[in-house]
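Biologist: Please take a close look at the interior of this model. I would like to know what packs there and where space is left.

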Amino acid sequence: MAVLTQPGSGPTIRPPRDGDPRPANRSRRPGGHPAAAFAGYAVLVFFALVFLYPFVIQLGNAFKTEPDAAANPLSPVPSVLDLSSVQRIFEGTDFPLWLGNSTLVTVVVTLGRVFFASLAGYALARLRFTGRRAVFAVVVAMMAVPPVVLLIPKFLVLNQLGLYNSYSALIVPLLVDATGVFVMKQFFESIPVSVEEAARIDGVGAFRMFWSVVLPMARPALITVTIMSFQGSWNELPHTLVAVQDPGLFTLPRGLADLVSGSLGEGNQYPLKLGAALLATVPVAIIFVVFQRYFVRGANEGAEKG
């Protein structure tokens, strides 16, 4: 803008015209300098490499010989590519049995958690009943309880009910998760009530409203809970320690813990242990990469509503 000064009067501001030059002291957008952007990306790349390096070491040592892994454990590049450790994992250990048990437990627990978390989340978000706020407060409080505190009570309950050392002991206590209930409740509250009111006018019942109208709209939250449930049950170790003792019921985390504790005999046997850990990591990594955008979207929906 231009400022005109007339005698006997204060300054008058004239709107800028097309031919007026732009002011020289324009304010720069924060963070718009190329050097600042480069420095930010450099920091992000550095920390990404720091977090990825242990996984790279695991991958490299899984295909080393035992002397090479013992001599150069922090080198991600094997001197000689050796696949014998992978063969020993499937032939010299109970890895196929552990893999089958983990798959069974993870699939059943994931389906159960998604179903029950969706039902509970919808009830807390939409149904009005006495004690609803108290129930939700208990759910939030359970999220703050360390899982290790519940190990001894779990063992006592499983033993008293006669479920100890069985597949039921591995599955039943994990079917409900407070975090999943919280995520689903927050997402259901972000869905407009008008959608349900229109269906209610047509005579749709409560469960059909949940199953046919609301649940299909909650796909991001469902995928989020699915990923969280799959990862949690696949990597669950403390619960298996108090639920089963039969080696035929060991899951992958329990079996890997048995390998690390020295059940293979003498020597470090880094390639065998790290190769088994790598095979156990691959399914969770694949699922997270495939559904990453839905996971982030579902988490953001719950955070914004909360």
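Modeller: A residue is called buried here when its relative accessible area is under 20%, exposed when over 50%, and partly exposed in between, using a 1.4 Å probe on protein chains only. By that definition, buried residues make up 31% of the 306 residues in the protein chain. This is a predicted model, in which local features need pLDDT of at least 70 and side-chain atom pairs count only at pLDDT 80 or more, while totals for chains, interfaces and linings use all residues. Residues are numbered from 1 along each chain as its sequence is written, and side-chain values use heavy atoms, with hydrogens and water left out.

The chain holds 15 helices and two strands, taken as DSSP runs (H or I of at least four residues for a helix, E of at least two for a strand) and numbered from the N terminus. With a contact defined as heavy atoms within 4.5 Å, residues 24 or more positions apart account for 70% of the contacts that have a separation of 6 or more.

Start with the packing. A nonpolar core is a set of buried Ala, Val, Leu, Ile, Met, Phe, Trp, Tyr and Cys residues joined through side-chain atoms within 4.5 Å. The largest one has 22 residues, and the members that touch the most others are Tyr122, Met184, Phe188, Met209, Val214 and Val225. Helices H4 (95-126), H8 (178-189), H10 (206-214) and H11 (219-234) each put at least two residues into this core. Beyond residues up to four places away in sequence, Met209 touches Tyr122, Glu196, Ala199, Arg200, Val204 and Val214. A second core, separate from the largest, has 13 residues, including Ile89, Leu259, Leu272 and Val284.

Two residues show how H4 and H8 are placed. Lys185, in helix H8, counts as buried because its relative accessibility is 7%. Setting aside neighbours within four places in sequence, Lys185 is in contact with Gly121, Leu124, Ala125 and Phe136. Leu119 is found in helix H4 and is partly exposed, with a relative accessible area of 28%. The C-alpha atoms of Leu119 and Val181 are 8.3 Å apart, although 62 residues separate the two in sequence. With neighbours within four places again left aside, Leu119 is in contact with Phe207 and Phe210.

The loop between helix H3 (84-91) and H4 contains Thr93, which is buried at 13% relative accessible area. Its side chain makes polar contacts (N or O atoms within 3.5 Å; within protein, one able to donate a hydrogen and the other to accept it, and sequence-adjacent residues counted only if both atoms are side-chain atoms). The Thr93 side chain reaches the backbone oxygen of Ile89 at 2.3 Å and the backbone nitrogen of Phe95 at 3.3 Å.

Now the empty space. On a 1 Å grid over the protein atoms alone, a cavity is a set of points where a 1.4 Å probe fits but cannot get out; a pocket is an open set with protein on both sides within 12 Å along at least five of seven lines, and lining residues have an atom within 4 Å of a point. Points are joined across faces, edges and corners, and a volume is the space filled by probe spheres set on them.

The largest pocket has a volume of about 560 Å³. It is lined by 19 residues, with Met142, Leu150, Val176, Asp177 and Ala178 lying nearest its centre. Helices H5 (132-143), H6 (151-161), H8 and H12 (238-243) give two or more residues each to this lining. By class, the lining has 13 nonpolar, two polar and four charged residues, where Ala, Val, Leu, Ile, Met, Phe, Trp, Tyr, Cys and Pro are nonpolar, Asp, Glu, Lys and Arg charged, and the others, Gly among them, polar.

The second largest pocket, at about 160 Å³, has Leu150, Pro153, Lys154, Val157, Leu158, Leu161, Leu163, Val172 and Pro173 in its lining. Eight of these are nonpolar, none polar and one charged.

There is one cavity of 30 Å³ or more, and the largest cavity encloses about 70 Å³. Among its lining residues are Ser102, Val105, Thr106, Trp234, His239 and Thr240. H4, H11 and H12 each supply at least two lining residues, and H4 gives the most, with three. The cavity lining divides into five nonpolar, six polar and one charged residues.
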